[in-house]
Each structure stands twice: as C-alpha cells, then as structure tokens.
Amino acid sequence: MVLAMSNKPVYYNDLPAFEMIKQHDFTYCMSDDNRYYESGRRQLELINAAVDKEYGGWTNKVVDHWNKYAPHSDEMSWRKQYNN
C-alpha cells in the first residue's frame with residue numbers, strides 16, 4: 001500500500017505500470033519468508049499485466065524504466081534485455 005497526497009491508501013494493483021516498477025520488491029525471489037516471496041511474485045504478475053495493458057508489452061521505454069530501478073552487480077542482476 002502507498003499513501004497518496006490525500007492520505008487515502010492507494011493499493012499496488014491500482015498504480016500505473018511505471019509506479020509499480022518503481023515500488024517493486026525486485027529481490028523477492030531471494031526471501032526465506034514465503035509471504036514476501038508470494039507478494040513479490042504477485043507484484044510481478046500485476047506489473048506484466050499493467051505493461052501489456054498500458055504499453056502493449058515490454059517496449060524499450062518500459063525496459064529502460066525497469067532497468068533504472070532493478071538492482072545489479074557483477075554477481076547478480078535483475079535487469080531486463082531488449083526483445084528486438
């Protein structure tokens with residue numbers, strides 16, 4: 001849940017795709033707690049659905065936005081590749 005300027009709760013599934021990506025728990029898949037894993041997995045499902053609805057799929061613009069927030073290092077990366 002994210003609080004809007006009016007202090008009314010805004011739920012994750014009500015956010016636009018770019019805001020979902022910004023708020024996404026990228027490392028959910030590494031959690032030992034199944035609740036966090038399931039929450040992150042559900043977020044990813046919602047992101048994919050929102051991206052399809054708003055952009056018609058993972059365009060270069062969407063991939064760039066994802067990669068702006070996705071953690072990465074030499075050992076591990078959550079960045080996406082372009083599908084050209």
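This passage walks through helix H2, its buried side and its salt bridges, and then the aromatic pairs of the structure. The model is a predicted one, and everything below should be read in that light.

Helix H2 is a good place to start. It takes in residues 34-55, 22 residues in all, and at 1.5 Å a residue that should give a span of 32 Å. The C-alpha atoms at its two ends sit 31 Å apart, so expectation and model agree. As for burial, Gly40, Gln43, Leu46, Ile47, Ala50 and Val51 are the H2 residues to look at, being buried. Taken around the axis, these residues cover an arc of only 140°, which means they share the same side of H2. What they pack against is a pair of helices, H1 (17-23) and H3 (60-69). Just past the end of H2 comes Gly56, whose phi is positive, at about 75°.

Gln43 deserves a word of its own. This glutamine belongs to helix H2 and has a relative accessible area of 14%, which is under the 20% cut-off and so makes it buried. Which residues does Gln43 touch, once its neighbours within four places in sequence are set aside? The contacts are Tyr12, Gln23, His24 and Asp25.

H2 also carries a set of charged side chains. The whole structure holds 4 salt bridges, and several of them can be followed along this helix. Arg41 is a handy starting point, since its side chain meets that of Glu38 in a salt bridge, with 2.7 Å from N to O. These two residues are both in H2 and 3 residues apart, or about one turn of the helix. Arg41 also bridges to Glu45, this time at 2.5 Å from N to O; here the partners, again both in H2, are 4 residues apart, which is likewise about one turn. Glu45 in turn forms a salt bridge with Arg42, at 3.2 Å from N to O. Glu45 and Arg42 are 3 residues apart in H2, so about one helical turn separates them. With partners shared in this way, the salt bridges join Glu38, Arg41, Arg42 and Glu45 into one network. The spacing fits a simple rule: an α-helix has 3.6 residues a turn, so residues three or four places apart point the same way.

How buried or exposed are the members of this network? Arg41 has a relative accessibility of 31% and so counts as partly exposed. Glu38 comes out at 31% as well, and is therefore partly exposed. For Glu45 the value is 36%, again partly exposed, and for Arg42 it is 44%, which also counts as partly exposed.

Now for the rings. The count of aromatic pairs comes to 4. In one of these, Phe18 and Tyr55 have ring centres 5.2 Å apart and planes at 20°, so the pair is stacked. Phe18 is part of helix H1 and Tyr55 part of helix H2, so this pair ties together parts of the chain 37 residues apart in sequence. Tyr55 itself, at 29% relative accessibility, is partly exposed.

Another pair brings Phe26 and Trp66 together edge-to-face, with 4.7 Å from centre to centre and 75° between the planes. It too links distant parts of the chain: Phe26 is in the loop between H1 and H2, whereas Trp66 is in helix H3, 40 residues away. Both partners are tucked in. Phe26 has a relative accessible area of 6% and is buried, and Trp66, at 4% relative accessibility, is buried too. The ring pairs go on to include Trp58, making a cluster of Phe26, Trp58 and Trp66.

What lies over the face of Trp58? The residue there is Lys80, at 4.6 Å from the ring centre. Lys80 also lies over the face of Trp66, with 4.8 Å to the centre of that ring. In the model, then, this lysine sits over two rings of the cluster, those of Trp58 and Trp66.

Notes: Residues are numbered from 1 along each chain as its sequence is written. This is a predicted model: local features need pLDDT of at least 70, side-chain atom pairs count only at pLDDT 80 or more; totals for chains, interfaces and linings use all residues. Side-chain values use heavy atoms; hydrogens and water are left out. The expected span of a helix is 1.5 Å times one less than its number of residues. Buried means under 20% relative accessible area, exposed over 50%, partly exposed in between (1.4 Å probe, protein chains only). The arc is that of the directions from the helix axis to the C-beta atoms. Contact means heavy atoms within 4.5 Å. Rings of Phe, Tyr and Trp (its six-membered ring) pair if their centres lie within 6.5 Å; planes under 30 degrees apart count as stacked, over 60 as edge-to-face and the rest as tilted. A charge sits over a ring if NZ of Lys or CZ of Arg is within 6 Å of the ring centre and within 35 degrees of the ring normal.
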